[in-house]
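Please work through the following exercises with the sequence and the model at hand. Each task is followed by a worked solution.

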Amino acid sequence: YSLELDLAHPVVPDQSAYKVLSTKLEIKLRKEEGVRWSALEGDGAPPLPGGTPAAGGGGQSGAAVKGPYASGRDWSKIEKTLAAEAEEKKEGEAALNEMFQKIYADASDDVKKAMNKSFSESGGTVLSTNWNEIAKEKTSV
């Protein structure tokens, strides 16, 4: 298969790369100028600097330039929103549950055994991290 494109603007071949994968061919081209291309292939139109439309662009001045994704979603904004939600402080039972999960995740095997045994034997009313104490007898409610 052969594909030839007339790119919209010049690229730097020495700083460009490609990878041949089992399901696709990945091509990364370094732009010569740090401008936004309105299309991959050239039609002679000037580049769109900073992601804003070129002045006098066929009577479409002031029209919004579509984002770089086909869906039109701003994924970086969505990513920032998700990161902000993850950083929000949890309160009440959610905060307590998160604390216990962190303790359990960072614990040694003996501490995990103690936590599991004490919690299950007491019906969820006792949570101990001391295996030496919990191993001796049944945990009472």
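The exercises below treat the fold, the strand pair, one pocket and single residues.

This is a predicted model, in which local features need pLDDT of at least 70, side-chain atom pairs count only at pLDDT 80 or more, and totals for chains, interfaces and linings use all residues. Residues are numbered from 1 along each chain as its sequence is written, and side-chain values use heavy atoms, with hydrogens and water left out.

**Exercise 1. State the order of the elements along the chain.**

Solution. Begin with the definition: helices (H or I, at least four residues) and strands (E, at least two) are DSSP runs, numbered from the N terminus. The chain contains four helices and two strands. Read from the N terminus, their order is β-β-α-α-α-α.

**Exercise 2. Describe how strands E1 and E2 are joined.**

Solution. Two strands pair if DSSP finds at least two bridges between them. Strand E1 (residues 11-20) and strand E2 (residues 25-31) run antiparallel and are joined by six bridges. Next, locate one bridge: Val11 has Lys31 in E2 as its partner. Finally, consider the connection: E1 and E2 form a hairpin, with four residues between them.

**Exercise 3. Characterise the second largest pocket by its volume and its lining.**

Solution. On a 1 Å grid over the protein atoms alone, a pocket is an open set of points where a 1.4 Å probe fits, with protein on both sides within 12 Å along at least five of seven lines; lining residues have an atom within 4 Å of a point. The volume, which is the space filled by probe spheres set on the points, is about 260 Å³ for this pocket. Its lining includes Glu93, Phe100, Tyr104, Met115 and Leu127. Helix H2 (92-105) and helix H3 (109-121) each supply at least two lining residues, and H2 gives the most, with six.

**Exercise 4. Which residue lies over the face of Tyr104?**

Solution. The criterion for a charge over a ring is that NZ of Lys or CZ of Arg is within 6 Å of the ring centre and within 35 degrees of the ring normal. Lys112 lies over the face of Tyr104, at 5.4 Å from the ring centre.

**Exercise 5. Is Ile134 buried or exposed?**

Solution. First, place the residue: Ile134 belongs to helix H4 (residues 131-134). Buried means under 20% relative accessible area, and exposed over 50% (1.4 Å probe, protein chains only). Ile134 is buried because its relative accessible area is 5%. Of the 141 residues of the chain, 11% count as buried. Lastly, Ile134 and Lys113 are 21 residues apart in sequence and 9.0 Å apart in space, C-alpha to C-alpha.
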